[in-house]
Amino acid sequence: MQILLGTFQTALHALGRNVVRSILTCLGIIIGVAAVITMMEIGRGSSSSIRNTIALMGADNIIVWPGTAQTGGVSQGLGSVVTLHPQDCEAIRRECTAVRSAAPLVKTRVQVIYGNRNWSPGNFNGTTPDYIDIHSWPIGQGHMFTEGDVRGSSRVCVIGTTISRELFQGDNPIGKSLRLNNVSFRVVGVLVTKGASMTGADQDDVLLCPWTSIKHRVSAQSAQNTAANGAVSTSSASASTLGQVNSISGFYPSEPVQLYPEESTAQVVDTPLPVRFTNIDMILLASRGANRVPLAMHQVRELLRERHRLSTGQPDDFNVRNLTEFAQQLGTVTKTMTRLLVYVAIISLIVGGVGIMNIMLVSVTERTREIGLRMAVGARARDILAQFLIEAIILSLIGGAVGIVLGRLASLIVRYFGYATEISVPAIILSVLVSGVVGVVFGFYPAWKASGLDPIEALRYE
């Protein structure tokens, strides 16, 4: 231990005799490590930005569809049977640990009317407040409707900027009322502009309402209207029959007499009958990160099979889908960024290592007489090897430490100018370790060359 400590002190003394050369020797490592730290932090920030951007497009989203019905061997397509219920969504949110948010979805098509203007939204969805969390879609004006609005089937809605522009044409839509199939809905919020999707569809052409309001007040209206219209027709026919004089053939009329007046369309919409088994069109889910999508899908599938009482070997009466294209794009981008950073790190550190080797070889040449003198007074070859190797390691570690400081400073400067950066602790630790390895690898040859000198030839060296 004392011998090693003495060798270390000798190495420090030798480096201190020529400070400028020691600084120039460290310069390669300083630049290399600083470049690695800066690039790693910029790359990490860029990767986070890319992940956030892709997450906005739904990389961590999962969609659960109802099953497929078959008639006479002919498949009716995805979602052609009623198998999903709101309670399924609640159970997924409560029991699936890999799922961050879950929202039921009821879809329909309506004509939206405001004053003398009308618009047919590209997406008219009945859902819950979790919808905007799943899609990472903040509210630009107003607020999102609440769970209380969902439970109370409140006539409130949130619109996209396209609908706001087309119907209100610059006016503030908050608090104003829209008519959806003659049902009045009050606008409580406007979503921020999201632009086009990857397929080119306008994502801002959307209208969101509580799913209970859509289910009981709007989408079920067509069936109720049909019944109401049929009843009205029947009533009219009966009235005409009552207005006629009964004949022998009319003692037992085929159409019943309406004892009570039929409800109007507005009354049917405003007082919906309770539905015993309420179904939903699909369930939207968001996992706790894109890497947990497979686990979330497995948990959802197992839970729904249990809730739907499906026995072993019986096919699923639902379909679980994820946005594979987004997930693959995320993985490709992340891998590409990682490879680029690794290549930059390797090149930078090789350049720094070559600089150390070059300066150490020059140092061995200049100190040949010193090496011969030390050998003449009893220093062994391994002592000379250790001295020069320790010098190289010290230079590498000092260069690494200074490079880390400069790299962090450069990263902060880059962030100041508006570029995304994120501190990378593993990169800092790795830089210290790599600096030591570079010192050993690139300092070994000069040290070995110094330890192999002939003492007599070294003493005669001029």
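Visitor: How many salt bridges does a search of the whole structure find?

Guide: The search finds 9 in this predicted model. One of them pairs Arg-408 with Glu-41.

Visitor: What makes Arg-408 and Glu-41 a salt bridge?

Guide: Their closest N and O atoms are 2.6 Å apart. The cut-off is within 4 Å, so the pair counts. Arg-408 sits in helix H13 and Glu-41 in helix H2 (residues 19–56), so to speak a link between distant parts of the chain, 367 residues apart.

Visitor: Are the two partners of that bridge buried or exposed, and how do you know?

Guide: Glu-41 has 0% relative accessibility, and buried means under 20%, so Glu-41 is buried. Arg-408 has 21%, which lies between 20% and 50%, so Arg-408 is called partly exposed.

Visitor: What about Arg-93, which residue does it form a salt bridge with?

Guide: Arg-93 pairs with Asp-130, with the closest N and O atoms 3.1 Å apart. Arg-93 belongs to helix H3 (residues 86–95) and Asp-130 to helix H4 (residues 130–134), so the bridge ties together parts 37 residues apart in sequence. Arg-93 itself is partly exposed, at 27% relative accessibility.

Visitor: Why does the pair Arg-94 and Glu-95 count as a salt bridge?

Guide: The N to O distance there is 3.7 Å, and the limit is 4 Å, so the pair passes. Arg-94 is exposed at 58%, because exposed means over 50%. Glu-95, at 46%, is partly exposed. Shared partners also join Glu-90, Arg-93 and Asp-130 into one salt-bridge network.

Visitor: How many disulfides does the structure hold?

Guide: It holds 0.

Visitor: Why is there no bond between Cys-157 and Cys-209?

Guide: The sulfur of Cys-157 has its closest cysteine sulfur in Cys-209, 4.9 Å away. A disulfide needs the two sulfur atoms within 2.5 Å, so this pair is too far apart for a bond. Both cysteines are buried: Cys-157 has a relative accessible area of 0%, and Cys-209 has 0% as well.

Visitor: What makes helix H6 largely enclosed by the rest of the structure?

Guide: Helix H6 covers residues 161–168, and 6 of its 8 residues are buried, so the helix counts as largely enclosed. The buried ones are Thr-161, Thr-162, Ile-163, Ser-164, Leu-167 and Phe-168.

Visitor: Which strands do those buried residues pack against?

Guide: Among them are strand E5 (112–114), strand E9 (156–159) and strand E12 (206–210). Right after H6 comes Gln-169, with a positive phi, near 50 degrees.

Visitor: Where does Tyr-419 lie, and why is it called exposed?

Guide: Tyr-419 lies in the loop between helix H13 (381–416) and helix H14 (425–451). Its relative accessible area is 57%, and exposed means over 50%, so the word fits. Tyr-419 and Ile-42 are 377 residues apart in sequence, yet their C-alpha atoms are 7.8 Å apart in space.

Visitor: Which residues form a nonpolar patch with Tyr-419?

Guide: Ile-398, Val-402, Leu-406, Leu-409, Ile-413, Tyr-416 and Phe-417 join Tyr-419 in a surface patch with about 890 Å² of accessible area together.

Visitor: How do you know that Ile-413 is accessible enough for that patch?

Guide: Patch residues need over 30% relative accessible area, and Ile-413 has 43%, so Ile-413 clears that cut-off. At that value Ile-413, in helix H13, is called partly exposed.

Terms used. Residues are numbered from 1 along each chain as its sequence is written. This is a predicted model: local features need pLDDT of at least 70, side-chain atom pairs count only at pLDDT 80 or more; totals for chains, interfaces and linings use all residues. Side-chain values use heavy atoms; hydrogens and water are left out. Buried means under 20% relative accessible area, exposed over 50%, partly exposed in between (1.4 Å probe, protein chains only). Helices (H or I, at least four residues) and strands (E, at least two) are DSSP runs, numbered from the N terminus. Patches are made of residues with over 30% relative accessible area and no salt bridge: like charges are joined within 9 Å, nonpolar side chains (Val, Leu, Ile, Met, Phe, Trp, Tyr) within 5 Å. Accessible areas come from the Shrake-Rupley method with a 1.4 Å probe; for residues, only the protein chains shown count as cover. A salt bridge is a side-chain nitrogen of Lys or Arg within 4 Å of a carboxyl oxygen of Asp or Glu. Contact means heavy atoms within 4.5 Å.
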